[in-house]
Amino acid sequence: YFYCSMKSSFQTVVLAGEPVNVKQVIPDDNLIYDKNAGTNRLSKSGVMKVYQLKKTSKIEIESNSRMYFCSRNDPVIGRITQRTAEFYLVDIGASVDAYLDSLKFEGATKRSKPSLEVGELIFARVEEVSQFERPKLSCISPFSKKAWTTGESYFGPLNKGYSFSCMQTFCRELMVESNILLDG
C-alpha cells in the first residue's frame with residue numbers, strides 16, 4: 001500500500017467539506033465530488049497528508065477518532081460476529097459490521113471454503129465502501145496467490161496471538177517500513 005514506504009510532502013489540519021486544492025488527486029473515500037462547484041471536497045476532519053506519486057497525489061486524513069472510517073484497500077483485523085452459509089459479518093470497528101462473502105478467500109470454492117466460528121479473528125482488506133451499504137471485505141490478495149488452505153495466504157483467519165484495540169494513528173505508524181517496534 002502507498003503509505004508503507006512514502007513520506008508525505010505536507011500536512012495540514014482540515015475540516016470536512018473543505019475544497020481540495022491539490023492537482024491531479026486520486027479519487028478515493030476521503031473525497032466527495034461537488035458537481036455544482038466542480039471540485040473535490042473532504043469527507044472527514046483531521047490531519048491531511050498529501051503523498052506525491054509519479055503523476056498524481058494521494059490524500060490520507062488521520063484523526064483521533066475511536067471509530068474506524070473505512071477506506072478502500074485498507075488492511076483490517078476483525079472479529080466474526082455472525083455466521084451464515086453464504087457470508088460472515090465482521091466487526092472492524094466501523095459504525096456497522098462489514099460483510100465478508102465466504103467465497104472471498106484465495107482458492108475458495110463452494111466445496112472448499114473456510115468454516116469460521118463467531119469470535120474468531122480474521123485479517124482482510126476493505127474491498128468496497130458505499131455510503132448506503134455495509135463495507136465489503138475480501139481475503140483475496142492482489143499480490144499473493146497462495147490458497148487459504150495452505151495457511152500461507154497473506155489474508156485470512158488469524159490463529160495465534162492476542163488482539164487489543166488501539167488508536168488508528170498508532171496502527172498506521174506500525175505499518176511504516178522504518179518502524180523500530182516491529183523491526184526484527
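Which residues do ring pairs link into a cluster? Select Phe123, Phe143, Tyr154 and Phe155, and you have the answer on screen: ring pairs join these four into a cluster. Before going further, keep in mind that you are looking at a predicted model.

**Stop 1: the aromatic rings**

A pair of aromatic rings is described by the distance of the centres and the angle of the planes. The structure holds five aromatic pairs, and this tour visits some of them.

Start with Phe123 and Phe155. Their ring centres are 4.9 Å apart and the planes meet at 40°, so this pair is tilted. Now follow the chain from one partner to the other: Phe123 sits in strand 9 (residues 121-128), while Phe155 belongs to the loop between strand 10 (136-139) and strand 11 (156-158). The two are 32 residues apart, and the pair links distant parts of the chain.

Are these two residues buried or exposed? Both Phe123 and Phe155 are buried. For Phe155 the relative accessible area is 1%.

Keep Phe155 selected and add Tyr154. The centres of these two rings lie 4.8 Å apart with their planes at 85°, so here the pair is edge-to-face. Turn on the surface, too: Tyr154 has 42% relative accessibility and therefore counts as partly exposed, whereas Phe155 is buried.

**Stop 2: an enclosed space**

Rolling a probe the size of a water molecule over the atoms shows where empty space is left. In this model the count comes to one cavity of 30 Å³ or more. The largest cavity has a volume of about 70 Å³.

To find the largest cavity, select its lining: Lys44, Glu60, Ile61, Glu62, Ser63, Phe69, Ser71, Gln168, Thr169 and Arg172. Which elements each supply at least two residues of this lining? Look for strand 5 (57-62) and helix 1 (168-174). Then try colouring the lining by residue type: you will see two nonpolar, four polar and four charged residues.

**Stop 3: the salt bridges**

Side chains of opposite charge can pair when their charged atoms come close. How many salt bridges does the structure hold? There are four, and three of them come next on the tour.

Go to Lys104 and Glu127, whose side chains meet in a salt bridge with an N to O distance of 3.4 Å. Lys104 lies in strand 8 (residues 98-105) and Glu127 in strand 9, so the bridge ties together parts that are 23 residues apart in sequence. Strand 9 may ring a bell, as it is also where you found Phe123. Lys104 counts as partly exposed at 27% relative accessibility, and Glu127 counts as partly exposed at 25%.

Next, select Lys136 with Glu128 and Glu133. The side chain of Lys136 meets that of Glu128 in a salt bridge of 3.9 Å, N to O. Lys136 also forms a salt bridge with Glu133, where the closest N and O atoms are 3.4 Å apart. Because they share partners, these salt bridges join Glu128, Glu133 and Lys136 into one network.

Show the surface once more and click through the network. Lys136 is partly exposed, with a relative accessible area of 26%. Glu128 is partly exposed at 36%, and Glu133 counts as partly exposed at 44%.

**Before you close the viewer**

For a last picture, show the ring cluster of Phe123, Phe143, Tyr154 and Phe155 together with the salt-bridge network of Glu128, Glu133 and Lys136.

Methods. Residues are numbered from 1 along each chain as its sequence is written. This is a predicted model: local features need pLDDT of at least 70, side-chain atom pairs count only at pLDDT 80 or more; totals for chains, interfaces and linings use all residues. Side-chain values use heavy atoms; hydrogens and water are left out. Rings of Phe, Tyr and Trp (its six-membered ring) pair if their centres lie within 6.5 Å; planes under 30 degrees apart count as stacked, over 60 as edge-to-face and the rest as tilted. Helices (H or I, at least four residues) and strands (E, at least two) are DSSP runs, numbered from the N terminus. Buried means under 20% relative accessible area, exposed over 50%, partly exposed in between (1.4 Å probe, protein chains only). On a 1 Å grid over the protein atoms alone, a cavity is a set of points where a 1.4 Å probe fits but cannot get out, and a pocket is an open set with protein on both sides within 12 Å along at least five of seven lines; lining residues have an atom within 4 Å of a point. Grid points are joined across faces, edges and corners, and a volume is the space filled by probe spheres set on the points. Ala, Val, Leu, Ile, Met, Phe, Trp, Tyr, Cys and Pro count as nonpolar, Asp, Glu, Lys and Arg as charged, and the others, Gly among them, as polar.
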